[in-house]
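The following exercises concern the structure shown below. Each task is followed by a worked solution.

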Amino acid sequence: MATVDEIGQEKQRISERLARLDAERTKLGDQLNELEIAERVLTRFGVKADTTERRRRGRPARTAPAAAAGGQRKARGGQQAPSVSLSDATLQAVQAHGEGATASDVLAYLSREFGMTVRPNHLGIALQRHRRAGRLENRDQRWYLPHAAQSEQSAMTA
């Protein structure tokens with residue numbers, strides 16, 4: 001009868017092991033489904049999903065962080081980010097146009113003089129912030145330095 005008991009015990013161990021494997025398989029299947037859903041969401045919102053199939057095709061995985069240390073990003077062409085802020089550059093661009101500057105004039109100046117690529121909505125935010133602070137005026141869709149600031153600038157250059 002010892003063999004019948006041994007067979008029963010072996011069957012019990014195998015069925016318990018099978019139950020554990022089945023539970024782990026279910027858990028891993030759920031995790032895989034969650035990862036696939038996350039990948040679809042990221043793909044839908046414009047972030048490229050880096051799947052293992054793409055890595056196997058010869059493109060190495062990125063190991064360096066996206067932004068350099070210190071928060072400075074590299075611009076296209078491998079150059080450092082400009083040292084002047086968008087806020088200061090915007091004021092200099094308006095100052096350079098004595099007869100008033102349109103937003104497109106400011107964009108062109110920032111690109112030409114500072115090598116900055118600025119999104120139009122970011123430029124608009126900077127211009128409006130200066131307007132609210134009293135550093136700029138907007139008349140007839142052109143941006144001007146306030147009259148007091150213009151007289152100070154002309155006094156400094158004279």
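Helices (H or I, at least four residues) and strands (E, at least two) are DSSP runs, numbered from the N terminus. The model is predicted: local features need pLDDT of at least 70, side-chain atom pairs count only at pLDDT 80 or more, and totals for chains, interfaces and linings use all residues. Residues are numbered from 1 along each chain as its sequence is written, and side-chain values use heavy atoms, with hydrogens and water left out.

**Exercise 1.** State in which helix Ser87 lies, and classify its exposure.

*Solution.* Ser87 belongs to helix α3. Buried means under 20% relative accessible area, exposed over 50%, and partly exposed in between (1.4 Å probe, protein chains only). At a relative accessible area of 26%, Ser87 is therefore partly exposed. Its C-alpha atom is separated by 8.0 Å from that of Leu127, 40 residues apart along the chain.

**Exercise 2.** Determine which residues of α5 are buried and why they lie on the same side of α5.

*Solution.* Begin with the list: Leu123, Ala126, Leu127 and His130 are the buried residues of α5. They share one side of α5 because they cover an arc of only 95 degrees around the axis, the arc being that of the directions from the helix axis to the C-beta atoms. An α-helix has 3.6 residues a turn, so residues three or four places apart point the same way. Next, consider the partners: the buried residues of α5 pack against α3 (86-96), α4 (103-114) and β2 (142-144), where contact means heavy atoms within 4.5 Å. Finally, Gly134, just after α5, takes a positive phi of about 85 degrees.
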